[in-house]
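I opened a fresh page for this one. The entries below follow the order in which I looked things up.

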Amino acid sequence: MLRFFVLFLALQAALFGAELTPWAQAHLVVPWTNALAQISTSLVTLFDPHVVATGKVMRSTANGFAVAIEAGCNGVEATIVLVAAMLAFPAPWKHKVGGLVAGIVAVQLLNVVRVISLFYLGQWSLEVFEWAHLYVWQALIMLDVLVVWLIWVRMLPRRPDGAGPGGPPSGPGARAATAPA
């Protein structure tokens, strides 16, 4: 447990540090943020043709309301937490890769829902927009990360000795459970 926690913190520090470098911002974060605005706009235009994306901004041509997707709202930070948790957890690499792909997709899909919902909430009520943006969606995105990680851990195969994810506890202080015959 201690190994996981220390590795999780170290990976987060390294990934968050890397994210803040000018190279990562220019080649990964900004293009992803712009793509997020474009993806959200493409989905919205299926039922609302009065929406356009310019860079990281999603704007209504009908009323002029716009949202700019800023750092912290592009899902990158939530993804970093998920990646650090999956990489730190002792699991076979093939399961880590599968979990990372599925988990990143899940976090980013929810983030698209977040962006679209905030775009429409802001047009309806700026107070509700602020509350949903600062409190509801921040918590939901991190809850999504936790749930995705927990599901991934639960789906990991049991180790042959029965210990590990889904198996009985092992190590000092662990008790073996026996059932009457």
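I noted the burial cut-off before anything else: buried means under 20% relative accessible area, exposed means over 50%, and partly exposed lies in between. I also noted that this is a predicted model.

**Entry 1: two neighbouring rings.** I looked up Phe 119. Its relative accessible area is 0%, so Phe 119 counts as buried. I then checked Tyr 120. Tyr 120 comes out at 26% and is therefore partly exposed. How do the rings of Phe 119 and Tyr 120 sit against each other? Their centres are 5.0 Å apart and their planes stand at 80°, so I logged the pair as edge-to-face. The cut-off for that class is over 60 degrees.

**Entry 2: a second partner.** I found Phe 119 in another aromatic pair, with Phe 65. This one is tilted, with 6.1 Å centre to centre and 55° between the planes. I traced both residues along the chain. Phe 65 sits in the loop between strand 2 and strand 3, while Phe 119 belongs to helix 4. They are 54 residues apart, and the pair links distant parts of the chain. Phe 65 is buried, like Phe 119.

**Entry 3: the other rings.** I counted aromatic pairs over the structure and got 9. Which residues do ring pairs link into a cluster? I listed Phe 4, Phe 8, Phe 89, Trp 149 and Trp 152.

**Entry 4: the sheet.** I turned to the strands. They form an open sheet of 3, in the order 1-2-3, with antiparallel pairing. Strand 1 (51-54) and strand 3 (66-68) are the edges, each paired on one side only. I read an average turn of 15° between neighbouring strands, direction ignored. Between strand 1 and strand 2 (residues 57-60) I found 4 bridges. Thr 54 stands opposite Val 57 of strand 2. Helix 4 (residues 93-124) lies across strand 1, strand 2 and strand 3. I noted its angle to strand 2 as about 40°.

**Entry 5: a helix pair.** I took helix 1 (residues 2-19) and helix 3 (residues 76-88) next. They pack at about 145°, with their axes 8 Å apart. The crossing of helix 1 past helix 3 is right-handed. On the helix 1 side I noted contact residues including Phe 4, Leu 7, Phe 8 and Leu 11. On the helix 3 side, Ile 80, Val 81 and Ala 84 are among them. What is the make-up of this contact? I tallied 14 nonpolar, 1 polar and 3 charged residues. Phe 4 and Phe 8 had already come up in the ring cluster.

Note on methods:
Residues numbered from 1 in each chain as written. Predicted model: local features only at pLDDT ≥ 70, side-chain atom pairs only at ≥ 80, totals over all residues. Heavy atoms only, no water. Pairing = 2+ DSSP bridges. Helix = DSSP H or I, 4+ residues; strand = E, 2+ residues; numbered from the N terminus. Axes fitted to C-alpha atoms, helices over the stretch in contact; angles between N-to-C directions. Contact = heavy atoms within 4.5 Å. Left-handed = near helix turned anticlockwise from the far one by under 90°. Nonpolar A, V, L, I, M, F, W, Y, C, P; charged D, E, K, R; others polar. Phe/Tyr/Trp six-rings, centres within 6.5 Å; stacked < 30°, edge-to-face > 60°. Buried < 20%, exposed > 50% of the residue type's maximum accessible area, 1.4 Å probe, protein only.
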